[in-house]
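Here's a quick tour of the fold and its charged side chains. Have the viewer open while you read.

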Amino acid sequence: MVRIVLAILSGLVLTTLGIVPAMNLAQVDCGTADSLIYPVDMTRYTLMQGFSVPSPRHHGRYHTGEDYSIPGGAALGEPVAAIGRGVVTYSYSLGWGRDAGVVVVRHTLPDGTQILSQYGHLTATDDIPFPTIGSCVEQGQIIGAIADVRPAPHVHLE
């Protein structure tokens, strides 16, 4: 949580100094997310830790998302896709510090409801760059690669 707050504060400072232009993301219309998919190929991946499960790694606090991985660390460098059409509201390669990068996408559902999807433990590669803030992504579009994080390479989806 502290890292996310620091990332937001640093973004505000950079925007205030004019280093990073401010964007009115409320006006970005990327269309409707008519359906949602998994961010990875579930014929190859396994749910390693579910949502709202007490996490021994986090001193018993509840896990805030779902972690998907390929057993044996084989997920390292594998692509991660947007679960639905939307606008990128956050994209930072050090969003979780030593736990790698984060991408957040806002999706508008057919009834007008807006939801966010957050993808953690990502890295950018020469072939897979992070999407830019304010850009539209399509369902299934690759938005990052799985980073080398503890306890094993995986993607965290919220």
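## A three-residue charge network

Glu138 is partly exposed, its relative accessible area coming to 37%. Along with Asp34 and Arg85, Glu138 belongs to one network built from salt bridges that share partners. Keep in mind that this is a predicted model.

Let's take the two links in turn. Glu138 and Arg85 pair up through their side chains, with an N to O distance of 3.0 Å. That pair connects distant parts of the chain: Glu138 sits in the loop between strand E7 (136–137) and strand E8 (142–146), while Arg85 is in the loop between E3 and E4, 53 residues apart. The other link is the salt bridge between Asp34 and Arg85, where the closest N and O atoms are 4.0 Å apart. Asp34 lies in the loop between helix H1 (2–16) and strand E1 (46–49), and Arg85 in the loop between strand E3 (79–81) and strand E4 (86–92), so this salt bridge ties together parts that are 51 residues apart in sequence.

How exposed are the other two members? Asp34 counts as exposed at 60% relative accessibility, because the cut-off for exposed is over 50%. Arg85 is partly exposed, with a relative accessible area of 26%.

## The remaining salt bridge

Searching the whole structure turns up three salt bridges. Besides the two above, there's one between the side chains of Arg44 and Glu78, at 3.0 Å from N to O. Here too, distant parts of the chain are linked: Arg44 is in the loop between H1 and E1, and Glu78 is in the loop between strand E2 (66–69) and E3, 34 residues apart. Arg44 counts as partly exposed, at 39% relative accessibility.

## A buried glutamine

Now for a polar residue inside a strand: Gln118 is found in strand E6 (residues 114–123). Is Gln118 buried or exposed? With a relative accessible area of 15%, Gln118 is buried, since anything under 20% falls in that class.

Which residues does Gln118 touch, leaving aside those up to four places away in sequence? They are Trp96, Val102, Val103, Val104, His156, Leu157 and Glu158.

## The whole chain

Zooming out, the protein has one helix and nine strands, and the helix comes at the N-terminal end of the order α-β-β-β-β-β-β-β-β-β. Of its 158 residues, 39% count as buried. The protein exposes about 8800 Å², and carbon and sulfur atoms supply 60% of that area.

As for contacts between residues at least 6 apart in sequence, 61% join residues at least 24 apart.

Terms used:
Residues are numbered from 1 along each chain as its sequence is written. This is a predicted model: local features need pLDDT of at least 70, side-chain atom pairs count only at pLDDT 80 or more; totals for chains, interfaces and linings use all residues. Side-chain values use heavy atoms; hydrogens and water are left out. Helices (H or I, at least four residues) and strands (E, at least two) are DSSP runs, numbered from the N terminus. Buried means under 20% relative accessible area, exposed over 50%, partly exposed in between (1.4 Å probe, protein chains only). Contact means heavy atoms within 4.5 Å. Accessible areas come from the Shrake-Rupley method with a 1.4 Å probe; for residues, only the protein chains shown count as cover.
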